Amino acid sequence: QVQLVESGGGLVQAGGSLRLSCAASGGTFSIYAMGWFRQAPGKEREFVAAISWSGGSTYYADSVKGRFTISRDNAKNTVYLQMNSLKPEDTAVYYCAADSISSVTGVLNEYDYWGQGTQVTVSS
């Protein structure tokens with residue numbers, strides 16, 4: 001019912017930057033809180049960042065604070081993740097997710113809809 005499509009992943013050197021985008025369709029994007037998660041090979045999927053429906057509240061994992069910025073453009077039904085000062089340990093598949101009850105949370109199971117993911121690889 002709600003489709004989320006991530007883009008913007010790729011291969012970058014350590015210290016570089018990438019901007020991920022997540023385009024939503026099939027629902028009322030502006031009422032959803034949105035989040036980014038990531039999963040590296042052999043590891044559990046982990047929380048990265050979340051943003052409220054209005055964009056007024058954000059929440060970040062400690063591992064990315066000061067380096068990553070989440071934002072949204074409700075007119076374009078799109079959420080972004082600006083990633084700066086990338087490290088090899090940031091290498092993962094990054095997933096966009098939507099929360100229909102509009103909470104700002106890092107709890108994976110509270111999100112209702114998920115994208116297919118986009119690969120980010122950071123070389124040393």
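Which residue in E8 does Leu-20 stand opposite? Leu-20 stands opposite Leu-81. Keep that pair in mind as we walk through the fold; please remember that this is a predicted model.

**The chain as a whole**

Let's start with the overall make-up. The protein chain has eleven strands and zero helices, so its pattern along the sequence is simply β-β-β-β-β-β-β-β-β-β-β. A compact globule of 124 residues would have a radius of gyration near 14 Å, and the 13 Å found for the protein chain agrees with that. Along the principal axes, the C-alpha atoms fill a box of roughly 40 × 25 × 25 Å.

What share of the residues is buried? Buried residues account for 42% of the 124 in the protein chain. Turning to the surface, the chain exposes about 6,100 Å², and carbon and sulfur atoms supply 47% of that area. As for charge, there are 9 positive and 10 negative side chains, with the centres of the two sets lying 7 Å apart.

Contacts across the sequence are worth a look too. Of those between residues at least 6 apart in sequence, 59% join residues at least 24 apart.

**Strand E3 and its partners**

Strand E3 pairs with strand E1 and is also joined to strand E8. Here are the two pairings side by side:

| Pairing | Sense | Bridges | Facing residues |
|---|---|---|---|
| E1 (residues 3-7) with E3 (residues 18-25) | antiparallel | five | Ser-7 opposite Ser-21 |
| E3 with E8 (residues 78-83) | antiparallel | six | Leu-20 opposite Leu-81 |

On the E1 side, then, a serine in the pairing, Ser-7, stands opposite Ser-21 in E3. On the E8 side, Leu-20 stands opposite Leu-81.

**A closer look at Arg-19**

Arg-19 also lies in strand E3. Is this residue buried, partly exposed or exposed? Arg-19 has a relative accessible area of 47%, so it counts as partly exposed, a class that runs between 20% and 50%. As background, side chains in a regular strand alternate between the two faces of the sheet.

Which residues does Arg-19 touch, leaving aside its neighbours within four places in sequence? Arg-19 is in contact with Ser-7 and Gly-8, and also with Tyr-80, Leu-81 and Gln-82. Two of these names have appeared already: Ser-7 from the pairing with Ser-21, and Leu-81 from the pairing with Leu-20. Tyr-80 shows how far apart in sequence such partners can be: Arg-19 and Tyr-80 are separated by 61 residues in sequence, yet their C-alpha atoms are 6.8 Å apart in space.

Definitions and conventions:
Residues are numbered from 1 along each chain as its sequence is written. This is a predicted model: local features need pLDDT of at least 70, side-chain atom pairs count only at pLDDT 80 or more; totals for chains, interfaces and linings use all residues. Side-chain values use heavy atoms; hydrogens and water are left out. Helices (H or I, at least four residues) and strands (E, at least two) are DSSP runs, numbered from the N terminus. The radius of gyration is taken over C-alpha atoms; the globule rule is 2.2 Å times the number of residues to the power 0.38. Buried means under 20% relative accessible area, exposed over 50%, partly exposed in between (1.4 Å probe, protein chains only). Contact means heavy atoms within 4.5 Å. Accessible areas come from the Shrake-Rupley method with a 1.4 Å probe; for residues, only the protein chains shown count as cover. Lys and Arg count as positive and Asp and Glu as negative; His and the chain ends are not counted. The place of a charge is taken as NZ of Lys, CZ of Arg, CG of Asp or CD of Glu. Two strands pair if DSSP finds at least two bridges between them.
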